[in-house]
Amino acid sequence: MDDSAAPWRALEPTTTAPAAAADPDPSAERRRLAATVVAVAAAASLALAAFMVAANGADPSVEVVAAGSPGSAGSPGSSSASGGGEAGEIVVEVEGAVLRPGLVRLPAGSRVADALAAAGGYGPRVDAERAGRELNLAARLEDGSRIVVPSRDDPPAASGPPAAADPGNPGGPGLVDLNRATTAELEALPGIGPVTAAKIIAGREERPLTAVDDLRTRKLVGAATFEKIRGLVTVR
C-alpha cells in the first residue's frame, strides 16, 4: 500500500507553518520606557516651576550681569542703597572771600576745593597767604561743614597781650602808626591791599602824615575803607 495515499497523511499540513513571532527586544523596550519616564518628569518639573512663579508673582526674566560691571555685586562701583558710602549729597556753607558765599550742594565725598569751586572760587579780597596756610583743599567734607575763606578785610588777629600805654600816642595802645607801619602791617588792616598799602607808603615818604584824616584829604584811601580802619590806626 502506498504510504503516500494513507488517510492519515491528509491530516498533515501541506506547508510548513510560519514560525511564531519573535519576542520584542527587551533592551529596546527598556530604553523606550526610560525615555517616557524622563519626558514625563521634565514636563512635571516645568509645570511645577510655572506654578511657583505664578504663586509668588515673581518676574521670570533673569538679568545676566558680567562680573566686574558697574551693577555687579562686589564691583568697585557698586553700593547698597542703605550703605550710604558715596551715595547722596551734602550741604556745605562757604563764607568769606569767595564770589558767591552761601550754601552749596555737593556729592558726598567732595573736598574743600570742590566747595570753593561751587562758590565761584576766591574773591578779589582773598588773603591768599592765610588761605594757603589755613585751608586744606584736599580735606574731605561732611554734611553741615563750614568753610571760611580769609579776607584782607578781616580784623587783624591779636598777637600777644595788649601793648602798654604810650603817653606819646594819643590814639591809645595797639594802633598801627601810619608813618612807621610796614607793608605787611598795612595790608593786615581791613580794606587795605598791596596797591593801597604802597600808596600810603609813597604818600608818607613824600610828606609824613600829620593826622589820620590825611588818608582822606590826600585821597590815599576810599571813604568805605577809611571808615573801617580809622579806629585801628594812628599818626605819631
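These are my notebook entries on one chain, looked up piece by piece.

**Confidence**

I started with how far to trust the thing, since this is a predicted model. The average pLDDT for the chain comes out at 72, and 59% of the residues score at least 70. Going element by element, I found the lowest mean in helix α1 (residues 26-56), at 66, and the highest in strand β2 (residues 102-107), at 94. Residues 16-22 sit below 50 in pLDDT, and I found zero contacts for that stretch beyond near neighbours in sequence. I then checked residues 58-86, where pLDDT also stays under 50. For residues 58-86 the model does have 16 contacts beyond four places in sequence.

**The sheet**

Next I pulled up the strands. Three of them make an open sheet, ordered β2-β1-β3, with mixed pairing. Which strands stand at the edges? I get β2 and β3, and each has a single partner strand, so one side of each has no neighbour in the sheet. From one strand to the next the twist averages 30 degrees. A reminder to myself: strands in a sheet pair through backbone hydrogen bonds, in parallel or antiparallel fashion. For β1 and β3 I noted a parallel run, joined by four bridges. Looking across to β3, I see E95 opposite V148.

**V91**

I picked V91 as a residue to follow in strand β1 (residues 89-96). Is V91 buried or exposed? Neither, quite: its relative accessibility is 23%, so I logged V91 as partly exposed, given that buried means under 20% and exposed over 50%. Leaving out neighbours within four places in sequence, I listed the contacts of V91 as L103, V104, R105, D143, G144 and S145. I also took one C-alpha to C-alpha distance: V91 to A108 is 9.1 Å, with their positions 17 residues apart in sequence.

**Two serines in loops**

I looked at S110 and found it in the loop between β2 and α2 (112-118). Its relative accessible area is 7%, so S110 goes down as buried. What does the side chain of S110 have by way of a polar partner? A polar atom of that side chain lies 2.6 Å from the backbone oxygen of P107. Setting aside residues within four places in sequence, S110 is in contact with A139, R140 and L141.

Then S151, in the loop between β3 (146-149) and β4 (176-177). S151 is buried too, because its relative accessible area is 9% and the cut-off for buried is under 20%. I followed its side chain to the backbone nitrogen of D153, which it reaches at 3.0 Å. With residues up to four places away not counted, S151 touches A97, R125, V126, D127 and R130.

**An odd backbone angle**

Last, I went through the backbone for positive phi values. K219 turned up with a phi of about 55 degrees, and K219 is not a glycine. Where does K219 sit? I placed it in the loop between α6 (214-217) and α7 (223-229). At 63% relative accessibility, K219 went into my notes as exposed.

Conventions: Residues are numbered from 1 along each chain as its sequence is written. This is a predicted model: local features need pLDDT of at least 70, side-chain atom pairs count only at pLDDT 80 or more; totals for chains, interfaces and linings use all residues. Side-chain values use heavy atoms; hydrogens and water are left out. pLDDT is the predictor's confidence in each residue, from 0 to 100. Contact means heavy atoms within 4.5 Å. Buried means under 20% relative accessible area, exposed over 50%, partly exposed in between (1.4 Å probe, protein chains only). A polar contact is a pair of N or O atoms within 3.5 Å; within protein, one must be able to donate a hydrogen and the other to accept it, and residues adjacent in sequence count only if both atoms are side-chain atoms. Two strands pair if DSSP finds at least two bridges between them. Axes are lines fitted to C-alpha atoms, for helices over the stretch in contact, and angles run from 0 to 180 degrees between N-to-C directions.
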